[in-house]
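Welcome! Please take a look at the sequence and the structure below, and then we can walk through them together.

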Amino acid sequence: MKYSRQRELIREAVNQSNGHPTADAVYQQVRQKEPTISLATVYRNLSQLAENNMIRRVVVPGDSDHFDCTMEYHEHMICTGCGKVVDVWPERPLAEQFRALPGVCCTGYELVLYGLCPTCADQENRQKTQAEKG
Ligand SMILES: [Zn+2]
Ligand SMILES: [Zn+2]
């Protein structure tokens, strides 16, 4: 990949966001430094960065793609309460287990977990406790 200042800014924006920004969130960030940049350019560069394993694309069914600067192995859970993408850290890479399956040759996977993020889980617990108190 040839060096591109715009792409560097985009990469920085992903690195600095604490979470999993969408292309649109990255665009809002980069636009402050590069007012002429378009959303299409941001999206194209994010795709290129993901293809070159410099960032990770997180596919969220029914929502825009999210992007992640954490390349260390982990999976993603979507919070059904607030829609946030949460990192989960399996002890063993799932790919290892899939690759060991007999009778098939598994080369990749897209996995989406659903659940509640700590904030939403907390809220639900509190509501339950309140309901129990009556
Ligand atoms: Zn949540
Ligand atoms: Zn992540």
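In this predicted model, the C-alpha centres of domain 1 and domain 2 lie 23 Å apart. The domain assignment places residues 1–71 in domain 1 and residues 72–134 in domain 2.

How do the two domains meet? The table gathers some values for the place where domain 1 and domain 2 touch.

| Item | Value |
|---|---|
| Residues of domain 1 in contact with domain 2 | 10 residues |
| Residues of domain 2 in contact with domain 1 | 12 residues |
| Area buried between domain 1 and domain 2 | about 880 Å² |
| Part of that area on carbon and sulfur atoms | 58% |

On the domain 1 side, three residues stand out: His 20, Arg 56 and Thr 70 supply 44% of the area that domain 1 buries against domain 2, more than any other three residues. Two elements, β1 (56–58) and β2 (66–68), each give two or more residues to the side of domain 1 that touches domain 2. Sorted by class, that side has five nonpolar, three polar and two charged residues.

What about polar links? Seven residue pairs are in polar contact between domain 1 and domain 2, while zero salt bridges are found across the interface.

Now let us turn to a group of cysteines. An unreviewed UniProt entry carries the annotation "binding site" for Cys 79, Cys 82, Cys 117 and Cys 120. These residues are spread over 42 residues of sequence, yet they cluster in space, with a largest C-alpha distance of 8.1 Å. One of them, Cys 82, sits in the loop between β3 (75–79) and β4 (85–88).

Definitions and conventions: Residues are numbered from 1 along each chain as its sequence is written. Chains are lettered from A and ligands numbered from 1 in the order in which they are written. This is a predicted model: local features need pLDDT of at least 70, side-chain atom pairs count only at pLDDT 80 or more; totals for chains, interfaces and linings use all residues. Side-chain values use heavy atoms; hydrogens and water are left out. Domain bounds come from an automatic or database domain assignment. Contact means heavy atoms within 4.5 Å. Buried area is the accessible area (1.4 Å probe) that two parts lose on being put together, summed over both. A salt bridge is a side-chain nitrogen of Lys or Arg within 4 Å of a carboxyl oxygen of Asp or Glu. A polar contact is a pair of N or O atoms within 3.5 Å; within protein, one must be able to donate a hydrogen and the other to accept it, and residues adjacent in sequence count only if both atoms are side-chain atoms. Helices (H or I, at least four residues) and strands (E, at least two) are DSSP runs, numbered from the N terminus. Ala, Val, Leu, Ile, Met, Phe, Trp, Tyr, Cys and Pro count as nonpolar, Asp, Glu, Lys and Arg as charged, and the others, Gly among them, as polar. UniProt positions are given in the numbering used here, feature names are shortened, and annotations may be inferred rather than shown by experiment.
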